[in-house]
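Reader: I'd like a close look at one part of this chain, then whatever helps me place it among the rest. Keep it chatty, but walk me through the residues.

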Amino acid sequence: MSFHMLPQEKPAWQRLFSIQTMILCVWILGFAVYAMQNISDPDTPWHLATGRYILSHHTIPTTDPFSWSMRGKPWVTQEWLFEVVLAWLVNHFKFAGAWLLIVGIQTLTTLVLYATGIRASHGNRVVAAVTACVGVLAGLIFWVIRPQLVSYLMFAVFLWILQKVRDGEFGALWLVPPLLLLWTNFHGSASIGVIMLLLEVALSFVPSIGRLEGLRLPAGARVRLLGVAVAGFGLGLINPNGLKAYTYALLSTNSLMTNNIMEWHSPDFHGQYFKYGVLPFLAVTALIIIARRRTIPMRETLYFGGSLIVTLIHQRFMPYVAIASAPMLAAALSDSVRALLTPSRVMQLINALVSLGALFAFGTQLPNVRGSFASHLDNTAYPIYAVNYLESHHLLKHGKLLNLYSWGGYLIYRGISPFIDGRTDIYLENDTFSNYLAMENIWWNGPGLIDSYGFTVVLFPPGSVLATYLSHQPDWQVVYQDMTAEILVKKSAPQTSSAQ
């Protein structure tokens with residue numbers, strides 16, 4: 001028996017011309033156009049290269065096959081399935097394959113949030129559509145082609161499953177074990193799913209507090225939730241890394257990494273995105289919760305508040321805050337704009353015209369997904385022309401390369417062994433990452449480390465501390481420079497060209 005009776009469904013053809021359909025259509029197509037922009041994320045290239053490696057070698061690597069500094073050292077490939085899917089799509093559909101992947105995951109996330117919002121708002125589909133779109137929009141800059149996309153989707157799906165359980169629909173729990181199996185092989189955050197199941201049981205013992213409405217579960221729900229948590233956890237152990245697929249998240253406790261990798265920093269509220277995007281979102285959300293006199297669900301509020309606390313420590317968790325806000329806001333606004341659920345014929349016509357307009361605009365932009373993956377890489381984010389120079393002049397034939405951390409993934413994609421790249425966990429061993437920081441910033445031991453590693457080529461941005469320092473050393477010279485990258489070679493190393 002359901003705890004929340006939803007209004008009687010309207011025929012599908014009527015919902016096709018509804019306001020909620022128009023809202024979802026505009027958002028999904030708008031995101032699809034947004035996702036056509038050139039790729040600039042530093043990790044996307046090495047994820048693609050890893051997937052291609054797995055497809056060509058028919059094996060999942062457990063040691064590093066890419067860098068020259070840590071080659072053969074243990075590597076937890078906790079995102080291998082995403083990488084294989086990405087590589088297969090790109091191999092078959094070029095850039096369009098990568099674009100289809102991110103748009104498909106975003107669309108599924110939005111629709112799952114919409115379905116959850118319908119239940120949370122007691123059938124207010126307009127509110128559900130708006131909050132579902134906000135649930136993706138507020139974390140937009142983190143929606144890049146990386147395995148975290150799957151984690152965002154899974155977080156939304158588990159919120160939907162828990163909502164169905166709350167309404168007495170236990171059949172959804174059969175999805176949990178196979179979903180956790182997929183989650184552990186797509187991304188190292190599957191422990192979130194297990195924690196959500198256990199938290200659901202724990203919260204069911206907490207009574208209502210003020211306006212926070214306690215979680216009431218139907219009879220037998222607690223046992224079922226615990227059962228699928230255990231079964232899902234066990235099935236999730238079927239992955240190349242065993243228990244490490246769950247414990248990998250503990251890497252976030254390493255201060256050396258969190259203090260030096262931007263995505264692990266606290267949010268910068270002086271930056272455009274957090275100042276003009278996140279702050280207004282949080283302010284409006286707070287005003288809605290404060291202004292509404294009705295009770296608000298404790299579970300959704302705790303998910304939102306807990307995600308926000310984690311995000312204030314590590315900004316990379318902002319998408320979870322946005323997703324958690326959707327059912328909470330849907331519940332808070334459930335009695336709003338209900339008149340829009342039965343639009344007039346004129347309004348239906350306007351909805352259809354807006355949807356068709358969005359579809360037409362999308363169609364005019366669709367040719368932008370043509371072309372190879374490489375042709376859609378941002379040449380201001382990657383040292384594309386500098387690497388072309390490296391290869392054409394054979395500068396690495398007998399030398400060792402010191403590269404910028406954020407360019408290591410692109411070098412792997414180009415088949416060049418970097419000194420370091422975005423797989424930070426590997427380089428935390430043997431002081432490699434800390435040594436890189438010393439050389440990048442020319443700390444007291446930086447020059448000595450450069451000599452001890454025996455570097456012959458350095459690839460860094462022009463004007464960086466390291467490039468500036470080496471350009472003033474008598475045994476180093478600049479052989480290539482553009483607006484993005486600079487190549488310096490040691491004069492004792494073989495070289496074929498002068499500075500350009």
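**A surface patch, a strand and some charged pairs**

Author: Helix α16, residues 345-365, supplies the largest share of the nonpolar patch, namely three residues. Before going further, keep in mind that this is a predicted model. The patch sits on the surface and is made of Val26, Val346, Ile350 and Val354, which together offer about 300 Å² of accessible area. Take Val354 as a sample member: you'll find this residue in helix α16. Its relative accessible area is 34%, so Val354 counts as partly exposed. That value also fits the patch rule, because a member needs over 30% relative accessible area.

What does the record say about this stretch? UniProt, in an unreviewed entry, lists several spans as "transmembrane region", among them residues 12-36 and 346-363. Two other spans on that UniProt list are residues 96-114 and 126-145. In the model, residues 96-114 are 100% helix and 0% strand, with 26 Å between the end C-alpha atoms. For residues 126-145 the figures are 60% helix and 0% strand, and the end C-alpha atoms lie 30 Å apart.

Another nonpolar side chain to look at is Leu182, in helix α8, which covers residues 176-186. Leu182 has 37% relative accessibility, so this residue is partly exposed. If you skip the neighbours within four places in sequence, Leu182 is in contact with Leu81 and Met154. Met154 and Leu182 are separated by 28 residues in sequence, and their C-alpha atoms are 9.5 Å apart.

Now for some strands. Strand β6, residues 486-490, pairs with strand β5, residues 476-481, in the antiparallel sense, and five bridges hold the match. The two form a hairpin, with four residues between β5 and β6. One of the bridge pairs puts Trp476 opposite Lys490 of β6. β6 is also joined to strand β4, residues 457-460, by four bridges, and those two run antiparallel as well. Here Leu459 has Ile487 of β6 as its bridge partner.

How well covered is β6? Five of its five residues are buried. In general, side chains in a regular strand alternate between the two faces of the sheet. For β6, one side carries Glu486, Leu488 and Lys490, the other has Ile487 and Val489, and both faces are covered, with all of these residues buried.

Lys490 deserves a second look. At 18% relative accessibility this lysine counts as buried, because the cut-off is under 20%. Lys490 also makes a salt bridge with Asp451, where the closest N and O atoms are 3.9 Å apart. Asp451 belongs to helix α21, residues 446-453, and Lys490 to strand β6, so the salt bridge ties together parts 39 residues apart in sequence. Asp451 has a relative accessible area of 49%, so this end of the pair is partly exposed.

Where else do charges pair up? By the same kind of rule, the count for the model comes to 15 salt bridges. As a general point, side chains of opposite charge can pair when their charged atoms come close. Arg119 and Glu169 give one salt bridge, at 2.9 Å from N to O. That pair links distant parts of the chain: Arg119 is in helix α5 (residues 95-120), Glu169 is in the loop between α7 (148-166) and α8, and 50 residues separate them. Arg119 is buried, because its relative accessibility is 13%. Glu169 is partly exposed, because its relative accessible area is 28%.

Arg299 and Glu300 make another salt bridge, at 2.8 Å from N to O. Here both residues, Arg299 and Glu300, are buried. Finally, there's a network of salt bridges that links Asp41, Asp43, Arg146, Glu263 and Arg316.

Conventions
Residues numbered from 1 in each chain as written. Predicted model: local features only at pLDDT ≥ 70, side-chain atom pairs only at ≥ 80, totals over all residues. Heavy atoms only, no water. Patch = residues over 30% accessible without salt bridge, like charges linked within 9 Å, V, L, I, M, F, W, Y side chains within 5 Å. Areas by Shrake-Rupley, 256 points an atom, 1.4 Å probe, with all protein chains shown as cover. Salt bridge = Lys/Arg side-chain N within 4 Å of Asp/Glu carboxyl O. Buried < 20%, exposed > 50% of the residue type's maximum accessible area, 1.4 Å probe, protein only. Pairing = 2+ DSSP bridges. Contact = heavy atoms within 4.5 Å. UniProt positions renumbered as here; feature names shortened; annotations may be inferred.
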